[in-house]
Structure formats: C-alpha cells, structure tokens
Amino acid sequence: MPKGNPKPQTVANAKYQAKIGMVAKTYKLKQELVDDFKTVCDKAGESQSSVLSRLMREYIESKEEDE
C-alpha cells in the first residue's frame, strides 16, 4: 500500500493492482530505442505496456516451443 497519507483513489488503485498481480519493473534501455518505441506505439494507437506484454508473451511461447 502507498505510504504516508494517500488519497482514497490511490489506495483503491494499489489494492486493485495487487489483486490482479500487477508489478512495476525498471529497466535501463537506450534513450533512442525507448523514444522510437513510444513514437511507433503512439502512431499505432497502442499502449506501450500492451505491446511489451504481447512481445513478452510471444517470446515466452517461442522459447517453450524450443524445449
């Protein structure tokens, strides 16, 4: 849960995200790569998180097929 004295919506968001298993991850990537990725996602009308999730799932499935 959020620290300090969070607003009710912040508490509700944190509770919901914990319930559905959302986690925040931090990666260090080249600025040019992330800028290009954001631009392409915006042009395609897709969120960056949905594209990353799809790419991760495809990668996982391709490696499971290799086993």
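Biologist: Let's start with confidence: in which helix of the chain is it lowest, and in which is it highest?

Modeller: This is a predicted model, and its confidence varies along the chain. The lowest confidence belongs to α1, at a mean of 93. At the other end of the scale, with a mean of 98, stands α2.

Biologist: What is the mean pLDDT of the chain, and what percentage of its residues reach 70 or more?

Modeller: Happily, there is a figure for each. The mean pLDDT of the chain is 93. The share of residues that reach 70 or more is 99%.

Biologist: How many helices and strands does the chain have, and what pattern do they follow?

Modeller: A count of strands gives zero, while a count of helices gives three. Reading along the sequence therefore gives the pattern α-α-α.

Biologist: Is the chain compact or spread out?

Modeller: Let's compare two numbers. For 67 residues the globule rule gives 11 Å, but the radius of gyration of the chain is 16 Å, well over that. The C-alpha atoms fill a box of roughly 45 × 35 × 25 Å along the principal axes. Because its radius of gyration is well over the rule's value, the chain is, next to a compact globule, more spread out.

Biologist: What percentage of the residues in the chain is buried?

Modeller: A residue counts as buried under 20% relative accessible area. Of the 67 residues in the chain, the buried ones make up 3%.

Biologist: Is Cys-41 buried or exposed?

Modeller: Cys-41 is found in helix α2. Its relative accessible area is 3%, and the cut-off is under 20%, so Cys-41 is buried.

Biologist: And Gln-17: is it buried, partly exposed or exposed?

Modeller: Gln-17 lies in helix α1. Its relative accessible area is 41%, while buried means under 20% and exposed means over 50%. That value falls in between, so Gln-17 is partly exposed.

Biologist: What span does α1 reach from its first C-alpha to its last, and which residue follows the helix?

Modeller: Helix α1 covers residues 8-20, which makes 13 residues. At 1.5 Å a residue, 18 Å is expected, and α1 comes close to that by reaching 19 Å. The residue that follows α1 has a positive phi, near 85°, and is Gly-21.

Biologist: How about α2: what span does it reach, and which residue follows it?

Modeller: With 14 residues, α2 has an expected span of 20 Å, and it reaches 20 Å. After α2 comes a residue whose phi is positive, near 75°, namely Gly-45.

Biologist: How much space lies in the largest pocket, and which residues are closest to its centre?

Modeller: The space in the largest pocket is about 640 Å³. It is lined by 15 residues, and those closest to its centre are Lys-25, Tyr-27, Ser-49, Leu-52 and Met-56.

Biologist: Which helix gives the largest share of that lining?

Modeller: By class, the lining has nine nonpolar, five polar and one charged residues. Both α2 (31-44) and α3 (48-66) supply at least two lining residues each. The largest share is five residues, and it comes from α3.

Conventions. Residues are numbered from 1 along each chain as its sequence is written. This is a predicted model: local features need pLDDT of at least 70, side-chain atom pairs count only at pLDDT 80 or more; totals for chains, interfaces and linings use all residues. Side-chain values use heavy atoms; hydrogens and water are left out. Helices (H or I, at least four residues) and strands (E, at least two) are DSSP runs, numbered from the N terminus. The expected span of a helix is 1.5 Å times one less than its number of residues. On a 1 Å grid over the protein atoms alone, a cavity is a set of points where a 1.4 Å probe fits but cannot get out, and a pocket is an open set with protein on both sides within 12 Å along at least five of seven lines; lining residues have an atom within 4 Å of a point. Grid points are joined across faces, edges and corners, and a volume is the space filled by probe spheres set on the points. Ala, Val, Leu, Ile, Met, Phe, Trp, Tyr, Cys and Pro count as nonpolar, Asp, Glu, Lys and Arg as charged, and the others, Gly among them, as polar. pLDDT is the predictor's confidence in each residue, from 0 to 100. The radius of gyration is taken over C-alpha atoms; the globule rule is 2.2 Å times the number of residues to the power 0.38. Buried means under 20% relative accessible area, exposed over 50%, partly exposed in between (1.4 Å probe, protein chains only).
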